[in-house]
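Notebook open, viewer up. I want to walk through the strands and then the ligand site.

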Amino acid sequence: MREDSVALRLRAAVHDDYPTLFKLDQACFAPGIAWSKTELEYFLKYPGNLSIVAENEAGRIVGFAIAGRQRRQGALLGRLITIDVDQALRRRGVGHRLLEEIEAQLRGIGATAVLLEVAVDNTAAQEFYVRHGFARTVRIPGYYLGRIDALAMEKHLG
Ligand SMILES: CC(C)(COP(=O)(O)OP(=O)(O)OC[C@H]1O[C@@H](n2cnc3c(N)ncnc32)[C@H](O)[C@@H]1OP(=O)(O)O)[C@@H](O)C(=O)NCCC(=O)NCCS
C-alpha cells in the first residue's frame, strides 16, 4: 500500500448521498460537462447500475464511481459512467480503489470487459485508465457539447 494512501470504506451509494455526489461531480467537471441533478439521479437509480462511494475515516465522501451494463454480440459488458475523486485527495489511491471495486463487481455479474469514454483533453483520466490496463479504441468526434472529442477506451476483465 502507498504511504500516503487514504483509509477508505467503500459502500453502495444511497439516496441521502445524492446532494454530496452532485457537488463532487460539479467540482470535478466543467459546466456543461458536469451532470445536472436529474442526470446524476438517473444514473444512480437506473436499474442494474452499480454506484459505489468511498468514505474517509471521518465518514466524509471523497469519491464515487458509477457503472452500467450493456450487451455486445451477446457478451455482457460493463460501462464505466464516471469516477470522481475529491481534488484535494487525488493521487492517493482513491480512484484506484473505486475502479478495482467496480471491476470486481462487474466480474461478479459476468462482465467480460469494461468500456468508457473520456474527453480528449482529460489527460489525467486517460493516464489513470492506461495505468489500469485500458486501451484507447476509437475517437468519437463532438461527443461532449458537440465540440469536444472523446476517446473510447476498453479493458478486458480476466
Ligand atoms: C481520474 C481520477 C478519477 C483519478 O483518481 P485518483 O484518486 O487521483 O487516482 P489514483 O491516485 O488512484 O491514481 C492511480 C494512478 O493513476 C495514474 N494517474 C492518476 N492521476 C493522474 C494524473 N493526474 N496524471 C498522470 N497519471 C495519473 C497514476 O499512474 C497513478 O499512480 P501514481 O499516483 O502512483 O503515479 C481523478 O483525477 C478525478 O477525479 N478526475 C476528475 C474526474 C474525471 O475526470 N473522472 C474521469 C471521467 S472519464
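My entries follow in the order I looked things up.

**Entry 1: what kind of model.** I note before anything else that this is a predicted model.

**Entry 2: strands 2 and 3.** I began with the pairing of strand 2 (50-55) and strand 3 (61-72). I found them antiparallel, joined over 6 bridges. Glu55 has Ile61 in strand 3 as its bridge partner. I then checked the hairpin between these two strands: 5 residues separate them, and Gly59 takes a positive phi near 85°.

**Entry 3: strands 3 and 4.** Next along the chain, strand 3 and strand 4 run antiparallel and share 10 bridges. Arg72 stands opposite Ala75 in strand 4. This hairpin has 2 residues between the strands, and here I found the positive phi, near 45°, at Gln73.

**Entry 4: Gly68.** I stopped at Gly68, which sits in strand 3. Is Gly68 buried or exposed? I get partly exposed, because its C-beta has 18 neighbours inside 10 Å, and buried would take 20 or more. Leaving out residues up to four places away in sequence, Gly68 touches Tyr46, Asn49, Arg79 and Ile81. I also looked at the C-alpha atoms of Gly68 and Gly78: they are 5.7 Å apart, with the two residues 10 places apart along the chain.

**Entry 5: strands 4 and 5.** Strand 4 (residues 75-85) runs parallel to strand 5, with 3 bridges between them. Gly78 turns up again here, as its bridge partner in strand 5 is Val114. I traced the connection: the chain leaves strand 4, passes through helix 3 (residues 94-108) and enters strand 5, a right-handed β-α-β crossover.

**Entry 6: the two faces of strand 5.** Which side chains of strand 5 (residues 113-119) are buried? I see an alternation: Val114, Leu116 and Val118 point to one face and are buried, whereas Ala113, Leu115, Glu117 and Ala119 point to the other and are not. On to the next pairing: strand 5 and strand 7 (residues 148-156) run antiparallel, with 7 bridges. Ala119 has Ala150 in strand 7 as its partner.

**Entry 7: Ile83.** Back to strand 4, where Ile83 lies. I count Ile83 as buried because 23 C-beta neighbours fall inside 10 Å. Not counting residues up to four places away in sequence, its contacts are Ala65, Gly95, Leu98 and Leu99. For Ile83 and Gly95, 12 residues apart along the chain, I get a C-alpha separation of 6.8 Å.

**Entry 8: the core.** I looked up the largest nonpolar core, which has 31 residues. Ile52, Phe64, Ala65, Ala67, Leu98 and Ile102 have the most contacts inside it. Elements that each supply at least two of its residues include helix 1 (18-28), strand 3, helix 3 and strand 7. Nonpolar side chains do tend to be buried together in soluble globular proteins. I took Ala67 for a closer look: among its contacts, not counting residues up to four places away in sequence, are Asn49, Gly78, Ile102 and Leu106.

**Entry 9: the ligand.** How many residues surround the ligand? I get 20, the closest being Arg90, Gly95, His96, Ala124 and Glu127. Strand 4, helix 3, strand 5 and helix 4 (123-131) each give at least two residues to this shell, and helix 4 has the largest share with 5. By type, I have 9 nonpolar, 5 polar and 6 charged residues in the shell.

Terms used. Residues are numbered from 1 along each chain as its sequence is written. This is a predicted model: local features need pLDDT of at least 70, side-chain atom pairs count only at pLDDT 80 or more; totals for chains, interfaces and linings use all residues. A residue is buried if 20 or more other C-beta atoms lie within 10 Å of its own, exposed if 12 or fewer, and partly exposed in between; C-beta atoms are placed from the backbone. Helices (H or I, at least four residues) and strands (E, at least two) are DSSP runs, numbered from the N terminus. Two strands pair if DSSP finds at least two bridges between them. A crossover is right-handed if, with the strands pointing away from the viewer, the path from the first strand over the helix to the second runs clockwise. A residue is near a molecule or strand if its C-beta atom, placed from the backbone, lies within 6 Å of it. Ala, Val, Leu, Ile, Met, Phe, Trp, Tyr, Cys and Pro count as nonpolar, Asp, Glu, Lys and Arg as charged, and the others, Gly among them, as polar. A nonpolar core is a set of buried Ala, Val, Leu, Ile, Met, Phe, Trp, Tyr and Cys residues joined through C-beta atoms within 7 Å. Two residues are in contact if their C-beta atoms, placed from the backbone, lie within 7 Å.
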